[in-house]
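Here are some friendly notes to read beside the model. Please keep the sequence and the 3D view open as you go through the points.

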Amino acid sequence: MATVLGVILIVIGAGIGATGRLAARTYGRNSAARRIGIWLLFLTVGVGVASAGFALT
């Protein structure tokens with residue numbers, strides 16, 4: 001059960017990272033700093049969720 005949950009968390013983490021790229025492109029059009037900040041925020045959360053998934057597998 002923990003392995004299945006771990007794999008699901010890894011997939012969710014990757015999805016959060018991909019969503020961050022789209023959000024940065026959409027909401028950070030006028031400012032490069034804002035674009036990088038949005039992307040790093042989503043990337044940090046995505047990596048955190050994925051690392052929790054790796055810990056469970």
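Which residues of H2 are buried? They are Ile-38, Gly-46, Ala-50 and Gly-53, where buried means under 20% relative accessible area, exposed over 50% and partly exposed in between, with a 1.4 Å probe and protein chains only. The points below set that answer in its context.

1. Ground rules. This is a predicted model, in which local features need pLDDT of at least 70 and side-chain atom pairs count only at pLDDT 80 or more, while totals for chains, interfaces and linings use all residues. Residues are numbered from 1 along each chain as its sequence is written, and side-chain values use heavy atoms, with hydrogens and water left out.

2. Overall make-up. The protein chain has two helices and zero strands; helices (H or I, at least four residues) and strands (E, at least two) are DSSP runs, numbered from the N terminus. Its radius of gyration is 13 Å, well over the 10 Å that the globule rule gives for 57 residues, so the chain is more spread out than a compact globule. For your own check, that radius is taken over C-alpha atoms, and the globule rule is 2.2 Å times the number of residues to the power 0.38. Along the principal axes, the C-alpha trace spans about 45 × 15 × 5 Å.

3. Burial and contact range. Of the 57 residues in the protein chain, 19% are buried. Taking contacts (heavy atoms within 4.5 Å) between residues at least 6 apart in sequence, 62% join residues at least 24 apart.

4. Helix lengths. The expected span of a helix is 1.5 Å times one less than its number of residues. For the 26 residues of H1 this comes to 38 Å, and the end C-alpha atoms are 36 Å apart, which agrees. For H2, with 25 residues, the expected span is 36 Å and the end C-alpha atoms are 36 Å apart, which also agrees.

5. How the helices pack. Two packed helices are described by the angle between their axes and the distance between the axes. H1 (residues 2-27) and H2 (residues 32-56) meet at an angle of about 175 degrees, with axes 7 Å apart. The axes are lines fitted to C-alpha atoms, for helices over the stretch in contact, and angles run from 0 to 180 degrees between N-to-C directions. H1 and H2 are therefore roughly antiparallel; the cut-offs are under 35 degrees for roughly parallel, over 145 for roughly antiparallel and 65 to 115 for roughly perpendicular, with the rest oblique.

6. What lines the contact. By class, the contact of H1 with H2 has 18 nonpolar, eight polar and three charged residues. Here Ala, Val, Leu, Ile, Met, Phe, Trp, Tyr, Cys and Pro count as nonpolar, Asp, Glu, Lys and Arg as charged, and the others, Gly among them, as polar. On H1, the buried residues are Gly-6, Gly-13, Gly-17, Gly-20, Ala-23 and Ala-24, and they pack against H2. The buried residues of H2 pack against H1 in turn.

7. Two glycines to look at. Gly-20, in H1, is buried, with a relative accessible area of 0%. Not counting residues up to four places away in sequence, Gly-20 touches Ile-38, Trp-39 and Phe-42. Gly-17 also sits in H1 and counts as buried at 18% relative accessibility. The C-alpha atoms of Gly-17 and Gly-46 are 29 residues apart along the chain and 5.2 Å apart in space.

8. Two other positions on H1. Val-11 lies in H1 and is exposed, with a relative accessible area of 55%. Val-11 and Ala-50 are 39 residues apart in sequence, yet 7.3 Å apart in space, C-alpha to C-alpha. Thr-3, another residue of H1, is partly exposed at 47% relative accessibility. Leaving aside neighbours within four places in sequence, Thr-3 is in contact with Leu-56 and Thr-57. From Thr-3 to Ala-24, 21 residues apart in sequence, the C-alpha distance is 32 Å.
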